[in-house]
Amino acid sequence: GDKVAVHDGRLYVNGEAIEESYIAEKPAYDLPEVTVPPGAVMVFGDNRNNSFDSHVWGFLPESDIIGHAVFRFWPINRIGAGSLQ
């Protein structure tokens with residue numbers, strides 16, 4: 001599985017810093033590197049410092065994902081119908 005960490009205000013996936021121009025502010029917390037197990041995901045809110053997300057409660061089983069996007073409204077240059085697959 002992917003290795004995920006947060007430190008120095010950045011999200012890292014497999015050792016690479018992720019560019020996140022969409023977040024409200026840089027994370028003010030550290031998350032020691034964890035390996036995402038098979039059949040699970042990590043989810044992070046765009047308002048990192050006020051989001052009750054995977055940095056608080058851990059992995060989300062893929063079986064608990066019950067929906068899919070049908071319309072994207074942000075970023076504005078990508079507005080439109082989402083994939084129905």
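The legends below accompany several close-up views of a predicted model.

**View 1. The whole chain combines one helix with eight strands.** Followed along the sequence, the elements of this predicted model come in the pattern β-β-β-β-β-α-β-β-β. The C-alpha trace spans about 35 × 30 × 25 Å along its principal axes, and of the 85 residues in the chain, 25% are buried. The chain exposes about 6,200 Å², of which carbon and sulfur atoms supply 56%. Among contacts with a separation of 6 or more, 29% are between residues 24 or more positions apart.

**View 2. Four strands make up an open antiparallel sheet in the order 3-2-1-4.** Strand 3 (16-17) and strand 4 (31-35) each have a single partner strand, so they stand at the edges, with one side of each left without a neighbour in the sheet. In general, the strands of a sheet pair through backbone hydrogen bonds, in either a parallel or an antiparallel way. Here, strand 1 (residues 3-7) is joined to strand 4 by three bridges in the antiparallel sense, while four bridges connect strand 1 to strand 2, again antiparallel. Strand 2 (residues 10-13) and strand 3 also run antiparallel and are joined by two bridges. Individual residue pairs help to place these strands against one another: Val6 stands opposite Leu31 in strand 4, Ala5 stands opposite Tyr12 in strand 2, and the bridge partner of Val13 is Glu16 in strand 3.

**View 3. Asp8 and Asn14 lie in loops that link strands of the sheet.** Strand 1 and strand 2 form a hairpin with two residues between them, and Asp8 in the turn has a positive phi of about 55°. Asp8 is a residue other than glycine with such a positive value, and its relative accessible area of 67% is over the 50% limit, so Asp8 counts as exposed. Asn14, in the loop between strand 2 and strand 3, likewise has a positive phi of about 55° although it is not a glycine. The relative accessible area of Asn14 is 42%, which makes this residue partly exposed.

**View 4. Leu31 belongs to the largest nonpolar core, which has eight residues.** The other members of this core are Val4, Val6, Leu11, Tyr29, Val36, Ala40 and Met42. When neighbours within four places in sequence are left aside, Leu31 is in contact with Ala5, Val6, Met42, Phe44 and His55. Val6, one of these contacts, is also the residue that stands opposite Leu31 across the pairing of strand 1 with strand 4.

**View 5. Val56 is found in helix 1 (residues 54-57).** Although Val56 and Leu31 are 25 residues apart along the chain, their C-alpha atoms are separated by 9.2 Å. Val56 has a relative accessibility of 46%, and because this value falls between the limits of 20% and 50%, the residue counts as partly exposed.

**View 6. Six residues, among them Trp74, form a nonpolar patch on the surface.** The patch brings together Val70, Phe71, Phe73, Trp74, Ile76 and Ile79, which have about 730 Å² of accessible area together. Trp74 itself is found in the loop between strand 7 (71-72) and strand 8 (80-81). With a relative accessibility of 61%, Trp74 counts as exposed.

Technical notes:
Residues numbered from 1 in each chain as written. Predicted model: local features only at pLDDT ≥ 70, side-chain atom pairs only at ≥ 80, totals over all residues. Heavy atoms only, no water. Patch = residues over 30% accessible without salt bridge, like charges linked within 9 Å, V, L, I, M, F, W, Y side chains within 5 Å. Areas by Shrake-Rupley, 256 points an atom, 1.4 Å probe, with all protein chains shown as cover. Salt bridge = Lys/Arg side-chain N within 4 Å of Asp/Glu carboxyl O. Buried < 20%, exposed > 50% of the residue type's maximum accessible area, 1.4 Å probe, protein only. Pairing = 2+ DSSP bridges. Core = buried A, V, L, I, M, F, W, Y, C linked by side-chain atoms within 4.5 Å. Contact = heavy atoms within 4.5 Å.
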